[in-house]
Amino acid sequence: MEPFCLTVNPLNHSLQVDDPQARKRSHSSTQLSLKGKIMERLADKSPGAKPKIKKAKRKEEERLRKAANQAEKTRPPSIFFGDSLDLENWYSCGEGEVSEIESDTGSPSGGRRSSSAPPRFNIHPLYQHVLLYLQLYDSSRALHAMSAIAAMLRAAPSGFVSAISTTSINNTYTPQLSLLQNLLARHRVSVMGKDFYCPIPQDSHSHSFRSAMYLEIIISLCLYFLRSYYSAHVATGAQDLAGNRAMQLTSVEVLTLLFSELAKVTDGSAKGFASFISDVLSKCKVQKVVLHCLLSSIFSAQKWHEQRMAGVNMAAVEEGLSEDSVINLSEDQIDSCSAVQSQLLRLLQSLVVLEHRILVPADEGGEGGPVEHVNPQQPMTSLQYLHGQPITAQGMFLCAVIRALHQHHACKMHPQWIGLITATLPYMGRVLRRVVASVTLQLCRNLDNLLQQYRYETGITDTRPQWMALCIPPDLILTVLEGVTAIIHYCLLDPTSQYHQLQVSVDQKHLAEARSGILSILHTIMSSVTLLWSVLYQADNSDKPATASAASTSNINLGSTKNLRQQILELLGPISMNHGAHFMAAIAYVWNERKQVKTPVRNKVIPTASEEQLLLVELVRSVSAMRTETVMQTVKEVLKQPPAIAKEKVFVFLCMIVLSFLSRIPVSSLVDSWPSLLALLKDSVQLGLPAPGQFLILGVLNEFILKNPNLESKKDQRELQDVTHKVVEAIGTIAGSSLEQTTWLRRNLEVKASPQIVVDGANLEADVEDLMLTVMEASSFTPSVYSVHALTLLAEVLAHLLDMVFYSDEKERVIPLLVNIMHYVVPYLRNHSAHNAPSYRACIQLLSSLSGYQYTRRAWKKEAFDLFMDHTFFQMDSSCVSHWRAIIDHLMTHDKTTFRDLMTRVAVAQSSSLSLFTNRDAELEQRAMLLKRLAFTIYSSEVDQYQKYLPDIQERLVESLRLPQVPILHAQVFLFFRVLLLRMSPQHLTSLWPTMITELCHLMIYSEFSISRTSGPSVAGLETTYSGGNGFSTSYNSQRWLNLYLSACKLLDLALALPSESLPQFQMYRWAFIPEASDDSGLEVRRQGTHQREFKPYVVRLAKLLRKRAKKNPEEDCSSRTLSWEPGHLLLTLYVIRSMEQLLPFFNLLSQVFNSKASSRSGPTYSHTTGDAAFPSHKDGHKLESQKVFWSRARQNIEEMVEKDFLEGLIKT
């Protein structure tokens, strides 16, 4: 497009109006006073006569015109109109071409001036439609005339419009009409850049007006006034500027009235009239002028805002002539063009309607306009005016709308722009999709920005938004929301009901395109709307009333939150009814956006919904159309035929929404929705959802059963059982996905040797869906990444779920399902490798939960007993022991045979004689293994549960002790003793104490013997061998013996840690092991004439020997390590020792803490305390809690320590 010249319009416009009063000359326009002589000449039909004019003034005009014509030398301006719209590409500024607005031919040669002077013309292309007054004119008279026209239009619109449309000014013999034609011709010459008073060729310009109707003259004049400003070089007063502004506003008003009436007249008249009006508009270039005025007003407002923010006057900074230095825009600057812009928007609206009326017949003929080949997806950023295209199809129009809505400093104008779009929707035609999509996205951005600003200003968030709105109307948020609602409903619903009064026929093809466009951005719309919903929730739930707090701190007034909520529901209700699948898919999209950034540590497979996600569920519940069964049916639709925006992960989010939805609705609506929920569950099983989706389906099923365990109809119950069976089987298949078949002959599964994803605490994947995305992206992954999740989920819900779904008389139907599940579970439990640890933990939880139900026993009893008897059984993580305790307790308690079977195995192992052909070590290990499992069984039971078997147990222990020098077996006996101390009442253990004390004394003597005879390091140095009664020689310092010593010391440690009333029998023997407070170990007594030293407790003797040996081996010295005594706590927390010296701190402490020299006489048990936080000392205990509570906690702590002693080769990951 050629650049528009800033042209000079020196004439007093009031002379052109066909009104005797108005034609009188303006006395203020001294330069253009025609005086009597010129008036006579013009009256005598001498149009070419040239008035005399002062030379100085003429030179000034020449200078200005030359300056204007030097635009050709200027490089395109570097001012940008916005974020992404580059004005350099909008206008191709050709050399000094006259404005295309004026010239039909494009660039008449008369307007071209070449100049070699350096370019100084910095006027922005958007201002090149402006006309300048080079002198003052009498605006009041012009305004009077224009107001008269406006008054006539209002008084008798139809008659006036008919008259001016059919009356031409072709009577050249009337002096007034002749003068009028001459003035119009001079106007044309002047606007083209020549002198107003230059000679006019008789036939060139005046002819063009002879056939013109008054309609054309009025439109041209209004457009001239609209474009005209005073030059900055004219000395104007405030009154002159205000007068010119009033002229502009009145001109726009006249045009608006005129076009509105023309639209009505055109509707009922012949086709020829429509084409006549079309020609007039085209000839006067109405659309083009209006669009340029609108764009320049938007640009000016932005530029002035930037200047205010920067605090500089750019006009003073720029070199040469800028628009600010040439045009006097001070009147516009006062209100940032908003007055003119408001009127222009009304004018544009009436123009769009008129255009629709007169261009429809042309459109029917042929559709192939220049816009057709433009891709609708591309933004219409080109500001090239396309001839023959309606305003709405012009890039300038859409650009103006988007830029105006983007201006945060001009928010007060937004409601009017929104009004323009909503009013012109039926007239958009083929660009409907492009316009509605662009405008809706911009409005959503505005809504987001306003809400971010509100949250920042009220202190909800600390992040300052970049887009901070100014001059905000009080109801802006509601207005934006209403605008979005109108646009969306127009596209998605039947528009004839909304716009029936306009009698506009809407093209269904264009509407269908717009509908698909809106549906494709529905997720963005939902994102903004739900953000507003959550802000309203926060405002309603804040301590201060929302309006009071917002008014005091924020520029944005939410107003009535009730009204906003109502508007949101009005927007969403019809969408959910007519486009439910898209609605739910959009909700799912937003659900993903609203997930917690930092998920709390958890070990659940189904992620818990964040607060914002729950608000989303509340929003869905608030939409009246979305009843529970509707939600279910809609989700089923989405799963079957996902909309275009629904990616695969949307399934997962939808299932999450359903789960949250079910958890928040009352039971009554849940019962009513059972048929639709059943259909959803059935379909989701058949569809083969991704694993996280299947997990959530199980979660949905579980949620339903928890809230509504009983279905009235037997048919419903049977269907529920069937669907449960299918869902659980599907999860079971996922659970087995980390297993592989080892032999092809029979179904023998083993765990794949690949790392597994952990579902535990902090290591849990941030979210199931995040994990799923990695799987989808990396095809090298197999679905086995989900096996741990599947097992964990089954462990959480399966046992209780099956118990609720299958009634007592139907429990038999559960067994085949459980057998299948156990088929996948057992291989994981057989594998004790580190990489299988997550699966092992999940499976043991699952088995533990199942074992609590008696009817499930057949499915797992044999497998559990086999696993228990496996030699690697105790190679597990400490977190698994508690689950195994529950399983073993249920296994042994629920029938009488299993425990007897175990006792029999122990007895058989002991009674079988050692043959020459059996490996003795293997047999002893087998005995130790069985003894340890028997100990674990008793440890897993209640106190005194196996008291009636105690004689048998005692017999087994004594038989084991009869085998001499078998440390591996004896270590298990000492562990068994400790279990019995914790699981049997003191009165039942009376017969066992002599055995325990004897064995403990023997072992103390052995260890004393071992220490005193060895002078080197314990294991690596000289080893003492002892030949037992059976001929086998053994080393007292091998690792097995060290384990035995440690086991014996732990028994002593436990006996001292438990309260004396729990072990009354031990109190009789404790003097043998530790020094009592009343002892004096160095006291000599005289007996039968000889000096004898009294007995020294074993602990004192061992401590002394170890200290002596530690001095010889300083590298093994452990005497510097000290232990602290605390009641109720075990001292020995080691699980293995490498040398006897590691026991020295234990012996040291025992030889001191109970000795009178080290302790007060207040009693041995509570003398030395360290004040552990978990177990307060006795002194604190008296104050804080009763002794009973203290000892129950202490006992729990002791049991946890004993529990860990069962474990072998703790998994080190």
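I take a salt bridge to be a side-chain nitrogen of Lys or Arg within 4 Å of a carboxyl oxygen of Asp or Glu. The model I am reading is predicted.

Entry 1, R983 and E1199. I looked up this pair and found a salt bridge, with the closest N and O atoms 3.0 Å apart. R983 sits in helix α41 and E1199 in helix α47, so the bridge links distant parts of the chain, 216 residues apart. I then checked burial, for which the cut-off is under 20% relative accessible area. R983 has 5% and is therefore buried. E1199 comes to 14% and also counts as buried.

Entry 2, the E618 group. I noted that E618, R621 and R664 are joined into one network by salt bridges that share partners.

Entry 3, D1205 and R978. Here the side chains meet in a salt bridge at 2.5 Å, N to O. I placed D1205 in helix α47 (residues 1187–1205) and R978 in helix α41 (residues 967–983), so this pair ties together parts that are 227 residues apart in sequence. Both D1205 and R978 are buried.

Entry 4, E593 and R594. I found a salt bridge between these side chains, at 3.5 Å from N to O. Are the two partners buried or exposed? E593 is partly exposed, because its relative accessibility is 41%. R594, at 11%, counts as buried.

Entry 5, the tally. I wrote down the total for the model under this rule, which is 30 salt bridges. The pairs I looked up include R983 with E1199, D1205 with R978 and E593 with R594.

Definitions and conventions:
Residues numbered from 1 in each chain as written. Predicted model: local features only at pLDDT ≥ 70, side-chain atom pairs only at ≥ 80, totals over all residues. Heavy atoms only, no water. Buried < 20%, exposed > 50% of the residue type's maximum accessible area, 1.4 Å probe, protein only. Helix = DSSP H or I, 4+ residues; strand = E, 2+ residues; numbered from the N terminus.
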